[in-house]
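Visitor: I should like to understand how the descriptive terms applied to a structure follow from its computed values. May we go through them one by one?

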Amino acid sequence: MFEAEASVFQKAGIKIGADQTETEEHLLAEALAAFPVNLRNNALEMARLYAVLFSFENHVREFIRQTLSENEGVDWIDKLPQKVKQHAETRQQTAHQDSWLEGEKTDLLGFLDFGHLAQVILNKWEHFESIIPSQHWLKQRMDELEKSRNFIAHNRMLLPSEFQRMYMYIADWNRVVGL
């Protein structure tokens, strides 16, 4: 009962219980301690960017899911472009075969590559055109973000200008599409 009541206060911005920030920072510092300072600093910079990108990418997935389910009904996933759907299904089957690997395996959209997300929106443009300014606007931002995303996914350090580009494109998306 207390946890349910506490969450109401926490959502309102009221701190309840011990502050876990210091503990989490200590655990992170301990986990990174074995590595040289320059790698630790780069890792912490990239971790923030990864968190923003993770949130953005999954927000786009949810945006697609909501828009298509509202416009095409509960079977919207069956109406995805065949190649895109097959790609996701193959990756999903592989994930199930790798039974030792734990994690979310039921969401087919989660198995699409980042680049497929723009393809789905473009293929179903009639459902998105009232929200997204233009196909060019979408493609430009998603292509640029995908390039940076792939750098991050392969543990390569980005330059500060790339950080700013990613933050700018994601801010554009949030301003236009909303969260």
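Visitor: Why is Lys139 called partly exposed?

Guide: In this predicted model, Lys139 has a relative accessibility of 41%. Partly exposed covers the range between under 20%, which is buried, and over 50%, which is exposed; therefore 41% places Lys139 in the partly exposed class.

Visitor: What makes the pair Asp143 and Lys139 a salt bridge?

Guide: Their side chains meet at 3.2 Å, N to O. The cut-off is 4 Å between a side-chain nitrogen of Lys or Arg and a carboxyl oxygen of Asp or Glu, so the pair qualifies. Both residues lie in helix H7, four residues apart, which is about one turn of the helix. As for Asp143, its relative accessibility of 28% makes it partly exposed.

Visitor: How do you know that Asp172 and Arg141 form a salt bridge, and which helices hold them?

Guide: The N to O distance between their side chains is 3.2 Å, and the limit is 4 Å, so the term applies. Asp172 belongs to helix H8 (residues 160-176) and Arg141 to helix H7, so the salt bridge ties together parts that are 31 residues apart in sequence.

Visitor: Are Asp172 and Arg141 to be called buried or exposed?

Guide: Asp172 has a relative accessible area of 11% and Arg141 one of 13%. Buried means under 20%, so the term fits Asp172 and likewise Arg141.

Visitor: Which residues are joined into one network by salt bridges that share partners?

Guide: Glu57, Arg61 and Arg149 are joined in this way. In total, the structure holds 14 salt bridges.

Visitor: What makes Arg65 and Asp107 a link between distant parts of the chain?

Guide: Their side chains meet in a salt bridge of 2.6 Å, N to O. Arg65 is in helix H3, whereas Asp107 is in the loop between helix H4 (82-97) and H5, and the two are 42 residues apart. Arg65, at 21% relative accessibility, counts as partly exposed, as does Asp107 at 23%. Buried requires a value under 20%, so neither the 21% of Arg65 nor the 23% of Asp107 meets that condition.

Visitor: Why does Lys124 count as buried?

Guide: Its relative accessibility is 8%, and the limit for buried is under 20%, so Lys124 satisfies it. Lys124 lies in the loop between helix H5 (114-123) and helix H6 (125-128). Apart from residues up to four places away in sequence, Lys124 touches Leu68, Glu72, Lys79 and Leu80.

Visitor: How do you know that Lys124 and Glu72 make a polar contact?

Guide: The distance between their side chains is 3.1 Å; the cut-off for N or O atoms is 3.5 Å, so the pair falls within it. In addition, a polar atom of the Lys124 side chain lies 2.7 Å from the backbone oxygen of Lys79.

Visitor: Which residues lie nearest the centre of the largest pocket, and what element gives the most to its lining?

Guide: Tyr50, Phe54, Arg149, Ile152 and Ala153 lie nearest the centre, out of 27 lining residues. Helix H3 (37-72) and H7 are the elements that give two or more residues to this lining, and H3 gives the most, with 11 residues. The lining has 13 nonpolar, five polar and nine charged residues, and the pocket volume is about 810 Å³.

Terms used:
Residues numbered from 1 in each chain as written. Predicted model: local features only at pLDDT ≥ 70, side-chain atom pairs only at ≥ 80, totals over all residues. Heavy atoms only, no water. Buried < 20%, exposed > 50% of the residue type's maximum accessible area, 1.4 Å probe, protein only. Contact = heavy atoms within 4.5 Å. Polar contact = N/O pair within 3.5 Å; in protein donor to acceptor, adjacent residues only side chain to side chain. 1 Å grid on protein atoms, 1.4 Å probe; cavity = no way out; pocket = protein on both sides within 12 Å on 5 of 7 lines; lining within 4 Å. Points joined across faces, edges and corners; volume = space filled by probe spheres on them. Nonpolar A, V, L, I, M, F, W, Y, C, P; charged D, E, K, R; others polar.
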